[in-house]
Amino acid sequence: MKTYGWGILGPGRIAHRFLNDLPRCEQASLAAVASRDLDRARPFAGQYGFQKAYGSYSELLQDPAVDIVYVATPHPQHAELAQQALEAKKAVLCEKPVAVNARQACQLVACAAANQQFFMEAMWTRFFPVNRQVKALLDSGALGAVTLIEVDFGFGSWPRGPVDHPESRIYAPQLAGGSLLDVGVYCVSYATWMKGESPTAIKALTTRVSTGVDGMTAVLFQYRDGAMAVLRSSVIQATRVAATIYCEKATIDVPEFYHPEQAVVRSRSGDVEDQVIRAPYSAGGATGFDFEARELMRCLDDGLLESPLMTWRQSVDVMDLLDSIRREIGLVFPMD
Ligand SMILES: NC(=O)c1ccc[n+]([C@@H]2O[C@H](COP(=O)([O-])OP(=O)(O)OC[C@H]3O[C@@H](n4cnc5c(N)ncnc54)[C@H](OP(=O)(O)O)[C@@H]3O)[C@@H](O)[C@H]2O)c1
């Protein structure tokens with residue numbers, strides 16, 4: 001069994017959550033972590049048992065013990081750091097969204113191709129067994145065509161988000177904050193994956209917070225066959241965080257669609273069985289980040305440059321849709 005040395009860029013909140021699960025992967029070794037400040041890298045390295053801690057991202061990228069780089073910084077740094085890692089001949093797992101806009105995302109995947117290195121968006125939702133089984137069921141055609149998709153992802157409390165959390169990247173325009181890029185990306189990615197195509201028409205409305213980023217955004221997609229998707233994201237109102245997929249013959253409810261342990265299929269016709277798709281993963285303290293890490297290492301074992309579960313094209317298409325929604329609501333970031 002081949003093992004791979006992992007290097008982490010940005011030891012912040014998501015990096016801590018990822019490191020709860022990465023050590024559960026037999027093929028992963030903890031090679032190095034880098035912060036912009038060595039005093040933040042050292043305690044992170046000590047807590048999880050990394051071999052090295054660096055006080056700059058560029059030092060980690062030169063470390064030959066690092067095979068895979070996990071980009072865990074805020075959104076605006078994703079594309080640039082991922083490209084630096086690819087040019088240093090590392091495989092890359094990059095947090096969502098892969099970039100701030102489609103232009104950056106296109107440059108990023110072109111860089112992966114030019115350097116013949118593996119790249120994958122850390123859209124962890126795609127790798128959960130429940131979601132993969134739901135997708136397989138839709139693709140089988142057994143439920144008929146997908147006619148309507150509802151997805152929501154909201155957290156936070158109305159209306160004080162930025163007031164209560166003035167330091168948070170979530171509300172900061174210079175860190176491409178707001179609900180759309182932070183959690184709306186899950187809704188757009190999920191609907192696009194489950195429907196298997198991008199919409200042909202898009203409408204959107206937003207409510208901004210005092211910092212100018214979108215606090216709450218509602219999006220309508222219409223597909224070429226007339227099917228629709230209704231998507232809602234929020235960083236000022238907690239919501240159910242669930243997906244419902246209506247098909248001609250049945251309805252699928254996926255509670256906590258972004259990391260589900262079950263989905264409920266309810267028939268609306270005699271020729272489809274009701275069923276509950278179950279795939280628990282959290283017993284023993286796992287939180288589900290191991291699925292994406294295992295998929296990445298499986299792809300490297302197989303000599304692939306991209307995962308069939310989260311392709312380069314799909315990441316770029318989602319960024320394209322986010323750009324279209326931003327045009328609809330007039331949301332521009334300083335780094336656009
Ligand atoms: N998959 C998921 O479930 C999930 C959940 C949460 C977040 N995310 C994604 O993960 C990314 C990071 O989110 P987070 O909540 O972990 O962010 P965070 O804690 O605010 O920042 C992560 C780290 O990025 C580094 N960094 C580099 N440039 C920075 C800058 N200009 N400003 C602030 N920090 C900077 C910092 O580490 P050093 O300064 O020490 O290097 C910081 O600790 C986001 O893009 C988000 O979309 C994914």
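**Close-up views of a two-domain predicted model**

**View 1. The two domains and their contact.** The C-alpha centres of domain 1 and domain 2 lie 27 Å apart in this predicted model. Domain 1 covers residues 4-124, and domain 2 covers residues 129-280. Where the domains touch, 8 residues of domain 1 are in contact with 7 residues of domain 2. On the domain 1 side of this contact there are 6 nonpolar residues, together with 1 polar and 1 charged residue.

**View 2. The shell around the ligand.** The ligand is surrounded by 21 residues, of which Gly 10, Gly 12, Arg 13, Ile 14 and Ser 35 come nearest. By class, the shell consists of 8 charged, 7 nonpolar and 6 polar residues. Because domain 1 (4-124) and domain 2 (129-280) both give residues to this shell, the ligand lies between them.

**View 3. The largest nonpolar core.** This core has 104 residues, and those with the most contacts inside it are Leu 9, Tyr 70, Ala 82, Val 92, Phe 119 and Ala 191. Helix α8 (residues 179-195) gives the largest share of the core, contributing 11 residues. Both domain 1 (4-124) and domain 2 (129-280) give residues to the core, which therefore lies between them.

**View 4. The surroundings of Val 92, and a second core.** When neighbours within four places in sequence are left aside, Val 92 is in contact with Val 69, Val 71, Ala 82, Ala 85, Leu 86, Gln 117, Phe 118 and Phe 119. Separate from the largest core is a second one of 7 residues, among them Ile 170, Val 213, Val 235 and Ile 236.

Technical notes: Residues numbered from 1 in each chain as written. Predicted model: local features only at pLDDT ≥ 70, side-chain atom pairs only at ≥ 80, totals over all residues. Domains from an automatic or database assignment. Contact = placed C-beta atoms within 7 Å. Nonpolar A, V, L, I, M, F, W, Y, C, P; charged D, E, K, R; others polar. Near = placed C-beta within 6 Å. Core = buried A, V, L, I, M, F, W, Y, C linked by C-beta atoms within 7 Å. Buried ≥ 20, exposed ≤ 12 C-beta atoms within 10 Å, placed from the backbone. Helix = DSSP H or I, 4+ residues; strand = E, 2+ residues; numbered from the N terminus.
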